Amino acid sequence: MSSDEMKKRAAAAALEYVEDDTVIGVGTGSTVNYFIEALSRIKHRIEGAVSSSEVTTQRLKACKIPVLDLNAAGLLPLYVDGADEINRQLQMIKGGGGALTREKIVAAASERFVCIADQSKLVDVLGTFPLPVEVIPMARSYVGRELLKRGGQPVLRENFITDNGNLILDVYNLAILEPSKLEAELNNVAGVVTVGLFARRPADVLLLGMADGVRVLK
Ligand code: 5RP
């Protein structure tokens, strides 16, 4: 079975967590695109969605799912998003699609985070996938030096500007043995907007698409 089919399975399973007449937080990425497809089939049951990126907003609108502003929606009961890597504590590396800042905001404003992924995303230790860090453009070199001091190899993501007008440094070779600690530390570097480590607010549920079904981790 292909990884796309496993993503689709995980995305379909997330519909179980959607409650009637609520606003759903929607992440970004190829797995979430399958979720949006599935959600469009039950759109009459929900009030709408809060989006984590411009690209997701376009897809939601194309499916005629109302897109609401987070400030108007308040606390969301559910956020559904993918991950680039996830460990057994349900801590994640996210931001492969560059939407990490808005994803982290919508996740923080949600009661329950359901992560949907194919089986390849589950890892023992985070860090094989390069850690995305969104930075204010004028701080690019300074933040790069700070990352080098911590043993990482930052690489500027070419031809990419985030939805917030910032840059992404993809950081290779970081030993992420204490994800919460590293998240807090990097969040404190001046010029860093968001670190793609989602450790202090991990997912609550992982729906892992596998060849023989969907595994649920909590
Ligand atoms: C986007 C993300 C995505 O959730 C992550 O990149 C996973 O994407 P995909 O579902 O395409 O594998 O964090 O910023």
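1. About 1,300 Å² is buried between domain 1 and domain 2 in this predicted model, and carbon and sulfur atoms give 50% of that area. On the domain 1 side, the residues that lose the most area to domain 2 are L100, K104 and R200, which together make up 40% of what that side buries.

2. As for the division itself, domain 1 is made of two segments, 3–123 and 200–217, while domain 2 covers 131–195. Taken over C-alpha atoms, the centres of the two domains are separated by 24 Å, and the contact draws 15 residues from domain 1 and 17 residues from domain 2.

3. The polar side of this interface deserves its own point. Between domain 1 and domain 2 there are 11 residue pairs in polar contact, counted where both residues have pLDDT of 80 or more. Helix 5 (residues 100–108) supplies the largest share of the domain 1 side that touches domain 2, namely 4 residues, and the residues of that side divide into 8 polar, 5 charged and 2 nonpolar.

4. How many salt bridges are there between domain 1 and domain 2? The count is 1 salt bridge. The side chains of K104 and E183 meet in a salt bridge, with 2.7 Å from N to O, and K104 is also one of the residues in domain 1 that lose the most area to domain 2.

5. The salt-bridge count comes to 12, and one further pair is worth inspecting by eye. The side chains of E54 and R102 meet at 3.0 Å, N to O. R102 lies in helix 5 and E54 in helix 3 (residues 54–62), so this pair ties together parts that are 48 residues apart in sequence. As general background, side chains of opposite charge can pair when their charged atoms come close.

6. Turning to the ligand, 17 residues lie around it, and those that come nearest are S30, T31, D84, G95 and K121. Among the polar approaches to ligand oxygen atoms, a polar side-chain atom of D84 lies 2.6 Å from an oxygen atom of the ligand, and a polar side-chain atom of E103 lies 3.1 Å from a ligand oxygen atom. For G82, by contrast, a backbone N or O atom is involved, lying 3.3 Å from an oxygen atom of the ligand.

Definitions and conventions:
Residues are numbered from 1 along each chain as its sequence is written. This is a predicted model: local features need pLDDT of at least 70, side-chain atom pairs count only at pLDDT 80 or more; totals for chains, interfaces and linings use all residues. Side-chain values use heavy atoms; hydrogens and water are left out. Domain bounds come from an automatic or database domain assignment. Contact means heavy atoms within 4.5 Å. Buried area is the accessible area (1.4 Å probe) that two parts lose on being put together, summed over both. A salt bridge is a side-chain nitrogen of Lys or Arg within 4 Å of a carboxyl oxygen of Asp or Glu. A polar contact is a pair of N or O atoms within 3.5 Å; within protein, one must be able to donate a hydrogen and the other to accept it, and residues adjacent in sequence count only if both atoms are side-chain atoms. Helices (H or I, at least four residues) and strands (E, at least two) are DSSP runs, numbered from the N terminus. Ala, Val, Leu, Ile, Met, Phe, Trp, Tyr, Cys and Pro count as nonpolar, Asp, Glu, Lys and Arg as charged, and the others, Gly among them, as polar. A residue is near a molecule or strand if one of its heavy atoms lies within 4 Å of it.
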